[in-house]
Structure formats: C-alpha cells, structure tokens
Amino acid sequence: MRVLACGSDAVLIEVDSAEQVQHLHGALRAAPPGGVTELVPAARTVLVRYDPRTTDPHRLRTALTAFAEPPRTAALPPAGTTETVRIPVRYDGPDLAEVAARTGLTERQVVERHTAAHYRVAFCGFAPGFAYLTGLDPQLRLPRRTEPRTRVPAGTVAVADEYTGIYPSPSPGGWHLLGTTALTLWDPAADPPTRLRPGTAVRFVEAQEHPGADHDPR
Amino acid sequence: MTRGELLVVRAGFGATVQDLGRPGLAALGVGRAGAADRDALRLANRLVGNPEDAAGLEAPMGGLELAFPRAATCALTGADCPAWIDRRPAATRTPLHVPAGARLRLGTPTRGLRVYLAVRGGLDVPPVLGSRSTDTLAGIGPDRLTVGQLLPLGDAATGWPTADHAPRPAPADRTVLHVLPGPRDDWFTADALRTLLAEPYTVTPDSDRVGMRLDGPALERARTGELPSEGMVGGALQVPPSGRPILFLADHPVTGGYPVIAVVRRADLGAAAQARPGDTLHFRLA
C-alpha cells in the first residue's frame, strides 16, 4: 500500500489489485478515520478526501497504516453489500458476433459465460452511474474498440478489458456491446440515484423475448 | 412563485446556475460541480444575506442581461465587470437595489473571467441530487441559461445584508498558483517538475468549466504505459501524451487515466478559475 499526496485536501492510496481496492474501500467506509469526507475507489486506488481543518496528511497516513494488511480471508465480502442486483439482458448487441469470433467461442457460449459469472461493482466513473464491474470471464477479455462509437444507447451492456459495464445514459463509447437491459439503473431523482454502488454484487440474467416481463430483478 | 422571478434577456456566454455543488457522490460517478470560483459565489451570497451555498449565476465573460419584474437585492462578485441597472452604472462587491421593472446588464470583464450574481433569496430552480448547480460534463442539473427563461427566486435569505462593500485585495500583476507535487510526479522526468515550476504556461481558448488546457513547455514522461483510472480532484494538473497539462476545474471527470504531476492547492482554485484564455499562469511550490 502506497499513500500518495494529492493536493491540499486528499491523498491517493494505491494497492496491487481490484480485490484489494474493494477490501480497502469496504474497510474505510465501515470505519473512516477522523476527518475523512469522501472515498473514491478506482481500478487500483482509493482517493481519500479529508477536511484539512480537522486532520492532516501525517495523521491520516498513520491512521491508514491500520488498513495496510488486506484480510486473509479472501471470500469476505466488503461491508454492507449483501444485496445481489440481478440485471435482465437481451443479448442482441451489435458486437456479440465479433466478440464470439475474437474469443473463439460461439455466440451462445459468450452469453453463457457472461451470465455464469459473479460480478461486483469495483468503482464508478466515466459518466454518472457508470459502474465498472469486475468478475468477467477471462476468456471474454478484449481490448477496447479501436474506433469508439459516437453514441451508445442507455441500457447497453458492454465489455472491455477486465470489466463489464452498463451505459446509464446515451454517450460515446468504445466498449464491445453485448446486449441491452430494460432495467433503469440510473435515476437522478431517486435516492440513491443508482443501485450499482461500489461493492454491490451483480448477476446478469438472460431475458426472454418480452423484456417487460421481468422488469423487477428482485 | 410568491418570491418572484427573473427573466433572462441575454444569456451571456454559457452562463449557468451554480451553488456549492454536490459533494460526496464521486463514488457514484457524480462530480462536485458548483461555482468554479467558490469564494466569489460565497461572498456574493453573504453580501445579500443569503447562506453561502445559495444558488446564483456564474457568467463567463459577463454579457448577461436580466429583467426584474419585482424589486430585488443582488450583488456581483468575481471578475471585475462593468454593470448597469437600467442606465445607471452598478458597483461590484456591494449590495445592489434593483427596482421593480429594472434591468441588470453586465458588460465584458476588464480583469478575470467569471462574474457571479447572487440575488437575495437565491435561485429556486429544482435541485438535482441535492444541488442546483449545472454540471456541464455530466449533464446534470439545470441547462445553461437561455433567452426568455424565467428563473424563480427562493426564500433562502437568512439574514440582512450587513456590509456596504467588500474591499477587493489589490489585483495581482500575475496569476501565481501554488502546487503540491503528486500523486504521479514519479511518472515524469525530474526536469518535468522543474519546468512546470519555472516556466510560464498560457491558458488556451480550449478551456471551460471542466478544465483549462495550458500551452507551454511539454512535461516529459519518465515512463510509458497506461495508468489505470484513478480518482481526480479539482486543481489536478493532468498530463496527456502531448505533455501539455490540463488544469481541472469544477466539472472535472471523477476518474481519469492520465498521470497527474501536481495539484493546485484548494486556496488558489478561485484564482485559477478567473484566468482567461491568453492569461499566463506561474506555478510555485506550496
């Protein structure tokens, strides 16, 4: 674990893996050191914002060393994440055939592997409510498209690198589009605006012909 | 609508509604946004007896014209900008009485970039995720001002104006921004940080609430490769492959994949937000 300076009211903690980020973020969220105002997990880091009136980088570094050792029990879920969000997906994305061709699988096998995996929200970013889910079957890992699309519709389920994501709103995008969900995952009028917070467990379920039939994943 | 409303007669150059933003949601991919020069909005609110976090207007390069159907108290802060209430010149950094039926008009700032307008009671546009600020990157919050738009006034005032005038510090000859190295200064050559701290950088026209692209000597990387996305902060000097830094402002992305060589300290972010294209920035160690 490395604690890096990040301006006058934040430090950046760097660890070695997405799993360590999850553990560190879960532990810090459960028992934040005094003066900490915000935690922002990412791929290999947790950004820790603090109130410089109540703490300082030196005190924070000392407090953070208590979190240096990740728990030995790897299966321990991060705090407060017992819910599994089930997302119904129609696997009819424009890149399904290409993903199958490039991974040496059939389209059916791509769908089976994508629905078999257990995912977890590692972090959010790129756009409000865009969650980076880890847990993707290693055989489905592909680099981003060389030519990003100018517009990807909301609800598109896509993969790139080690991640799966669901576009919460229409935006440009360079990921491989596998399908779509009719589930509304991002609603700024709701509290919280998304169910896909860092640490949340996620499963993808193949939707039948009528996507309206299983709107509610609970 | 008992408190009245303002009519936008001229929308300026991308003027937006801003308060102090929506902190604490970056883990959900939502940035803070809020006034780019937070101290200026706070001061404007204090001058009219509002809480510091009431919603006002942020007008880059002025250019705004508002009609007041009812009398109101307002204040202008931020960039030095000529202003008129009908034909009468109006001072900045002081409470202004706008009579019913009058128009408030902003000219072009003589110094600085962003003018702030607070109106007693605050602007009562619908909040999104707890804030009335426009996040221009995420597309959250109210749209940019448009001609003919009505801005409802609220009842946010908690006190009475207590100051006649907020004196302005003597204008600095040049914009000096203090930085703390890191978090990724080790991705750059030792010369890169020395260059950043020694050479002037010019604000380019490719600058907005998200960030300012700067022109100056390229900051050379000591290592290649991709940085996994990590959390970003306001004031971060992110360096894309061109080597020319981008200084992140209020609507910066919550995560980014280019290394940050240094971060402008919080106290200097208002000064950074008031730099306009063509201005020169000098970076110094905090």
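**Figure 1. Six strands of chain B form an open, antiparallel sheet.** In this predicted model, the strand order is 7-6-9-4-1-11. Strand 7 (88–90) and strand 11 (150–152) of chain B are the edges, and each pairs on one side only. Direction ignored, neighbouring strands are turned by 25 degrees against each other on average.

**Figure 2. Strand 1 meets strand 4 in chain B.** The two strands run antiparallel, joined by four bridges. One residue pair can be picked out here: B:Arg10 has B:Glu65, in strand 4 of chain B, as its bridge partner.

**Figure 3. The largest nonpolar core contains 32 residues.** B:Leu57, B:Phe68, B:Leu145 and B:Leu151 have the most contacts inside this core. Many strands of chain B supply at least two residues each, including strand 1 (5–11), strand 3 (56–60), strand 4 (64–67), strand 8 (96–98) and strand 10 (111–119). Strand 5 of chain B gives the largest share, four residues. In soluble globular proteins, nonpolar side chains tend to be buried together.

**Figure 4. Surroundings of B:Leu151.** Neighbours within four places in sequence are left aside. B:Leu151 then touches B:Glu5, B:Leu6 and B:Val8, and also B:Val17 and B:Leu57. Its other contacts are B:Leu123, B:Val125 and B:Leu145. Apart from the core of B:Leu151 lies another core, of 28 residues. Among its members are A:Val110, A:Leu142, A:Val157 and A:Leu196.

**Figure 5. Helix 2 (residues 190–198) of chain B has buried residues and an exposed face.** The buried residues are B:Ala192, B:Leu193, B:Thr195 and B:Leu196. They lie on the same side of the helix, because they cover an arc of only 160 degrees around its axis. The face turned away from the buried side carries B:Ala190, B:Arg194 and B:Ala198, which are exposed. Cover for the buried residues includes five strands of chain B: strand 12 (175–181), strand 13 (201–207), strand 16 (236–238), strand 19 (260–264) and strand 20 (280–285).

**Figure 6. The contact of chain B with chain A.** Chain B contributes 28 residues and chain A contributes 34 residues. About 2300 Å² is buried between the chains, 63% of it on carbon and sulfur atoms. On the chain B side, B:Ala27, B:Leu28 and B:Pro183 lose the most area to chain A. Together they account for 24% of what that side buries.

**Figure 7. Two cis peptide bonds, one ending at A:Pro192 and one at B:Pro183.** Most peptide bonds are trans. The bond joining A:Asp191 and A:Pro192 is cis, with omega about 0 degrees. A:Pro192 sits in the loop between strand 12 (176–180) and strand 13 (201–206) of chain A. From B:Gly182 to B:Pro183 the bond is also cis, and omega is near 5 degrees. B:Pro183 belongs to the loop between strand 12 and helix 2 of chain B. B:Pro183 is also among the residues of chain B that lose the most area to chain A.

**Figure 8. Positive phi at B:Asp86 and B:Arg93.** Most residues other than glycine have a negative phi. B:Asp86 has a phi of about 50 degrees, in the loop between strand 6 and strand 7 of chain B. Its relative accessible area is 43%, so B:Asp86 counts as partly exposed. For B:Arg93, phi is near 60 degrees. B:Arg93 lies in the loop between strand 7 and strand 8 of chain B. With a relative accessible area of 14%, B:Arg93 is buried, because the cut-off for buried is under 20%.

Conventions. Residues are numbered from 1 along each chain as its sequence is written. Chains are lettered from A and ligands numbered from 1 in the order in which they are written. This is a predicted model: local features need pLDDT of at least 70, side-chain atom pairs count only at pLDDT 80 or more; totals for chains, interfaces and linings use all residues. Side-chain values use heavy atoms; hydrogens and water are left out. A nonpolar core is a set of buried Ala, Val, Leu, Ile, Met, Phe, Trp, Tyr and Cys residues joined through side-chain atoms within 4.5 Å. Buried means under 20% relative accessible area, exposed over 50%, partly exposed in between (1.4 Å probe, protein chains only). Contact means heavy atoms within 4.5 Å. The arc is that of the directions from the helix axis to the C-beta atoms. Two strands pair if DSSP finds at least two bridges between them. Axes are lines fitted to C-alpha atoms, for helices over the stretch in contact, and angles run from 0 to 180 degrees between N-to-C directions. Buried area is the accessible area (1.4 Å probe) that two parts lose on being put together, summed over both.
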